[in-house]
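User: I'm new to this one. Can you walk me through it?
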Amino acid sequence: MLNHELLIAILLLSPVVGFLLNGLRFRSKNYMLAGSIATAAVVVSFVCSVLLFLQLLDADAEHRRLAVSFFEWIAVDKFKINAGFVVDQISVIMILIITGVGSLIHLFSIGYMHHDKGVTKYFAYLNLFIFNMLILVLGDSLLTMFVGWEGVGLCSYLLIGFWFTDSAKAAAGMKAFVTNRIGDAAFIIGMFVLFVTFGTLNMHELNALAPTVLDSSWMGAVTIGTMLLFIGATGKSAQIPLYVWLPDAMAGPTPVSALIHAATMVTAGVYMIVRLDPIFIMAPNTMMVIAIVGASTAVLAATIGLTQFDIKKVLAYSTVSQLGYMFLAVGVGAFGAGMFHLMTHAFFKALMFLGSGSVIHGMHEEQDIRKMGGLKKYMPITHFTFLLGWLAIIGMPPFAGFFSKDEILWQAFSSPRGHWLLWLAGVLGAVLTAFYMTRLMALTFWGKSRIDKSVHPHESGLSMTIPLMVLALLSVIGGWIGIPHVIGSALGNIPNMWEHWLEPLITKIPAVAGEGVEHGDSSLEIILMVVSVVLAGLSAISAYVMYTKKEGSSAKVAKAFGPAYELVNKKYLVDEAYFAGIINPLVNLSRNLWYYIDVNFIDKATFKIADVANGGGSFVKALQNGNMQQYAMYIGVGVVVVLSFVLMR
Amino acid sequence: MILSGLIFLPLLFALIITVWPQRNTVRHIALGLSVIEFVISLAMLQKFDPASSALQMVEKTTWIERFGISYFVGIDGISLMLVMLTTFLVPIIILASWNSIDKKIKGFHAALFILQTAMLGSFLAMDAILFYTFWELSLIPMYFIVGIWGGARRIYATIKFFIYTMAGSVLMLLAIIFMMRLTPEVTGGQISASLLDFYKLRIPFIAGEFFTAQTLLFFAFALAFAIKVPIFPLHTWLPDAHVEAPTPGSVILAGVMLKMGTYCFLRWVIPLFPEATEHYSWIFMAVGVIGIVYGALVAMVQPDVKKLVAYSSVSHMGYIIVGLFAMNAYGVNGALYQMLNHGISTGALFLLIGMIYERTHSREISKYGGLASALPIFTIIFVIVTMSSIAVPMTNGFIGEFLILLGSYQYSPWVASIAVSGVVLGAAYMLWMVKRIFFGPAGEIVKHAAHDKEHALHDLSVRELVVLAPLIVLIFWMGLFPNHFMDYSKASVDHLIKNKMGYSLVLTGEGK
Amino acid sequence: MPETNLITDIGLNHYLVLSVVLFSLGMAGVLLRRNLIVLLMCIELMLNAVNISFVAFSKFNGKIDGQVMVFFVMTIAAAEAAVGLALAVSIFKRFKEVNIRFFEHLKG
Amino acid sequence: MSSDAFLFWFLALVTVVSGLSVVLMTNPIYSALSLAMTMIGVSALFVTLNAYFLAGVQLIVYAGAVMVLFVMVLMLFDLKHELQAFTRGRITGAIKIASVGILSGLIVGAVTMGLKTATTLTESASAANAAVALKTNPDTTRALAENLFIKNIFGFEALGVLLLVIAVGTVALSRSKGGSHARD
């Protein structure tokens, strides 16, 4: 067995090597070479991750923690941060997802990007992203996590604006970065609050110190600190009110959307909260806010998803919605469930994005689902894998999404910090999800073909379909490691491996008498489960009917809702509101500040002072009229004055 | 002797340049000489003892005995890195101006070397009058650099620059003379201009009363330095000076001369007037924070890219002021680090803008667009420098900004909360600028260049890459291993923070 | 001390007052006249007035130094007249003008 | 009235009147001639003050050399009666005359105020003796020479150099074309 320090070093540095190898020859158009280097780099990382995972498995449950510190990064006074990294039960899952799904997406990209001029640069960026993401999840302190946190934001910026000659795409990248920055600013202050309160930013130490917190009120330091961290998370994980960048981020290449904007980066906020669960538990108010924001995001984004026609936009809003579920989970204290959904979502959403990428590729860069339909026969593999992903996301048992979503809904209902309203919102979200995902399937793959005659759709090559198939498999079986107790015991004592694995790191919320539902209430759990599955199923069927059997009925429905439909179709005008309410006033304010304060006040004021000197100069200048006799007179007057002063004394 | 050598060798170099017979080798000679100077400063760095907070390599000779004025130079952790920055930037500037300065080459390089002497002197002088001499001397070459090799409105800009700075220094001179008159209290009757004697003075301070000696002296000094920094309402000379200055002038102005202001806050104002500093720090916190936000906002709407960077300097300098007046280890260390960062990243930005200006002769953002396709390497480097400027982790900017924010949070969470908005706004204006210049469809200039062979855009030449490479290396080096740099200053800063109410410096002579 | 007769007892003050009167005349001429040459003459007048007071002091204080000073003043005055006139000649040659109001090149 | 007193008053009248006419004559030639008269008067005043050598020098240098120079230049320019001999400007003119008047008034005032001091000075023993000696001894020329060539020899030599420089400078000036300060 290799030393874990070396493994972590290789894990981190392998993508850097890939980045440098590709980055230094960024002009090359040899997509095979670039893709191979980049994919190999991530595969090496994946192997390291697996080896680390095996090491963790070997260790006993209490000592599953491989820490390494490479060097002292910042050390000023009491503020000491090491370039330290930790592999434990949570982060090992993340690195497996990142490098595993990451390698599949790299592989997919070779096929998807082969015609692009900047393919080498593209792979360099992807490797850089993997590196930053690994730092984010492995960092042992909030600040090292923040390094990756900003780093992935940077890569996201570069990749969204990858086709920079399109002004809108470049603007989308910028929007993503700046919106993330708003969250990051809050994150920074949040770190300060925690540092001043606990005297450390090391997450292990923070978690150990968490029970010492006494003040859990709104104004308590922990509540404020966690709230600020959560604002940071809303930026990165696209929650209300900072979710607006994610739909625009679809401007990037589709594999990027799959990797960054579905599977890995956007889940960073959830991951951060799970890492710091003891601290967050000490701040019930923050948890409440998280749960509410998560639930509302889940519903809101789902409603927008109902009306979109861009295949990637639908998936983007779906991602926002699913992230809302994860926040709902961590908000009610179901950290394990949140992580579980994070993982399953990574599988099926990556799958769906890659599937959509395959569709877009096959359709020659067409993204509007109104111009698709009946693709089933042209792209059988894509269709089949997409179908599995669809079943997973709408939560059909026994696909992965079912287990994780069900766990979240049950926890939202039963947890001491849960509430039946949160459960209701979750179910509503699930119903909506089922509807719009079915609509997406129907419009894209089923029904009659509306494809333009000039387009000849074709199935993608192997490098693209293999990742699809692997991810499809994972979407099916991925949920089986976290089978709920009620079902597990019914099927013959299948253990919930997931819960067991995470147990040492996940803090249980102290149950408060009279609140929530006892955990053992299995009949209720089954009833709720059945209700949500049935509702989602009905919703999916109605969508199927509406979009394949009775064409035109969707337009009627849209008409019936009229202005409401318009509002949703225009994404509740949130972007416009931000522009009208914040950005434009800010730019105008800046113009006015510059014009009125800088140019017309400060400068004018200093000119006035200069004018005084200037005026004095002009006065004295008038005396210097060049007439020598005048000068002589001044001498005379001067002598008279001095003399009379001397004499009169 | 090494410090005197550092200070006065450039003066000798200036002399050599002026009498050098061949016009076409002046640049080579100047580059060689400036590299020699940098190597000497490296030797000095080698001799420096980072563990000690003492004033090292001290040289002291009587200059004007009657007034206790002496030639007194020394170096400690606070000035060390700024000295290194100065000697480091000059060769880069000379190499960067290889093509852009084409008239009066000798005069330009001589002015540059005299400026270097003045700046190094200001950083190293430990005698008030000596310091004042160097401080004022630094204005003159800068005046000529902007006034002779500058842009269209250069005369307006130079005069504005000169008068603003001069106005502040006059008050400072008065304050210095006043303090010299107080020194017999601590030296036993002999008048003295030594900074160390000034440190011993305990100038009376009454909280809340403005017309007390310490308060007045504090504001007299602070005003002079605040103009140089520049702090918010006194900043309007900076954009004009930057826009009109030639590229090398902008780099030296942003890279070193602004640091003279912040450095002097740390060297003079804070240790000399500790009570007043503490009592009035809220003013500087306020203007610092206003500067951060205001500079960023105004930068956002600038049509001229150089002006944009100039206003971003105002914003960055606001951070430094906030860090300094937070008066704790994080803030001051961060501010000191940020001084270096700003010198490197803003210096690099000005260099890059200069390079693109050489090609297109335009600085108007709206005329650009789509430059990334035409100049890919240039774009990559520009984006890296931009990232450093907006403090993305793993670049140098992050360390400084983070520590400053942490320090200001300890001072007051509210200050940090407002200051942190600079993080967002900084990203907004820089990335917007990057987007408008490099991304999007080809703009007027790129289109024009595509049609016209004479004006075709060439990517960076080897010389330009050599100019930028050290800066890029430093950006990452300082971002990944800040301790390599910060270790030199920690002892001195700790000493200052711990003894801020009774600051004094121990002397050690040449060597250790 | 007996009452001194202002008319008959000529003392130091008489010379001094005379000197003042001559000096004032010269000064008035310098201020009022326009002709460059006349201006120079008036300066000579002023210098002579000063010389009178020097010599008077020399006599009434019993020190010869006053006369030495007069010697110097005369030399300087002669030199000044020479240079002044040379300038006047050269200016006249160029501009054909000796009116002092004509030469206002020093105007600020 | 003693002859001394008469001489003084007569000479005072001559110098003041001729001085006045220097200022008032509109024809520069008359001014020059009046100045010559003043010079002669001053020279005679020197005689009443026992400064015989200076009186001679005064006559030779001023009334002789300098005045000839003036007259020659005037002749060279061919200047006649001037219409605008005096400066204009009410305020400045008033200030000019006033300042002259006040100045002379002040000096006269100072002299009369200092009368007592002056007399005490003259009456102080040593000074009085010396004054008497100077008054009675007509040979002031020797004393002057001794003072000049022993005590003030450096100044004397410096004057010599000055005169040399002046001579060269004057020649250079009058040979020049009047400088480059063209009006047009």
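What follows is a short chat about chain contacts, domains, a hairpin and cores.

Analyst: Ask away. One thing up front: this is a predicted model.

User: Which chains share the most contacts?

Analyst: Chains C and D do. There are 4 pairs of chains in contact, and that pair comes out on top.

User: How many residues are in contact there, on chain D and on chain C?

Analyst: Chain D has 79 residues in contact with 64 residues of chain C. Eight helices of chain D each give two or more residues to that side, among them α1 (3–24), α2 (28–48) and α8 (153–175).

User: Which element gives the most to that side of chain D?

Analyst: α3(D), with 11 residues. That helix spans 52–77.

User: And what's that side made of, by class?

Analyst: On the side of chain D that touches chain C, 52 residues are nonpolar, 21 are polar and 6 are charged.

User: How many residues does the contact between chain D and chain A take?

Analyst: It takes 11 residues from chain D and 10 from chain A. The chain D side has 6 nonpolar residues, 4 polar and 1 charged.

User: Where does chain B stand relative to chains C and D?

Analyst: Chain B touches neither. Its closest C-alpha approach to chain C is 21 Å, with no contact. For chain B and chain D the nearest C-alpha atoms are 28 Å apart, and those chains do not touch.

User: Back to chain D. What domains does the assignment give?

Analyst: Domain 1 covers 1–86 and domain 2 covers 139–178. Their centres, taken over C-alpha atoms, are separated by 23 Å.

User: New topic: strands. How do β1 and β2 of chain B pair, parallel or antiparallel?

Analyst: Antiparallel, over 6 bridges. β1(B) runs over residues 56–64 and β2(B) over 69–75. Gln56(B) stands opposite Ile75(B).

User: What's in between those two strands?

Analyst: They form a hairpin with 4 residues between them. Gly68(B) sits in the turn and has a positive phi of about 65 degrees.

User: Last one, the cores. How many residues are in the largest nonpolar core?

Analyst: 431 residues. Those with the most contacts inside it include Leu134(A), Leu328(A) and Phe221(B). Helix α6 of chain A, residues 167–198, gives the most, with 19 residues.

User: What does Phe221(B) touch?

Analyst: Leaving out residues up to four places away in sequence, Phe221(B) touches Met172(B), Ala175(B), Trp268(B) and Val269(B). Val269(B) is also among the residues with the most contacts in that core.

User: What lies apart from that core?

Analyst: Another core, of 74 residues. It includes Val38(C), Phe60(C), Val68(C) and Phe8(D).

Methods
Residues are numbered from 1 along each chain as its sequence is written. Chains are lettered from A and ligands numbered from 1 in the order in which they are written. This is a predicted model: local features need pLDDT of at least 70, side-chain atom pairs count only at pLDDT 80 or more; totals for chains, interfaces and linings use all residues. Two residues are in contact if their C-beta atoms, placed from the backbone, lie within 7 Å. Ala, Val, Leu, Ile, Met, Phe, Trp, Tyr, Cys and Pro count as nonpolar, Asp, Glu, Lys and Arg as charged, and the others, Gly among them, as polar. Domain bounds come from an automatic or database domain assignment. Two strands pair if DSSP finds at least two bridges between them. A nonpolar core is a set of buried Ala, Val, Leu, Ile, Met, Phe, Trp, Tyr and Cys residues joined through C-beta atoms within 7 Å. A residue is buried if 20 or more other C-beta atoms lie within 10 Å of its own, exposed if 12 or fewer, and partly exposed in between; C-beta atoms are placed from the backbone.
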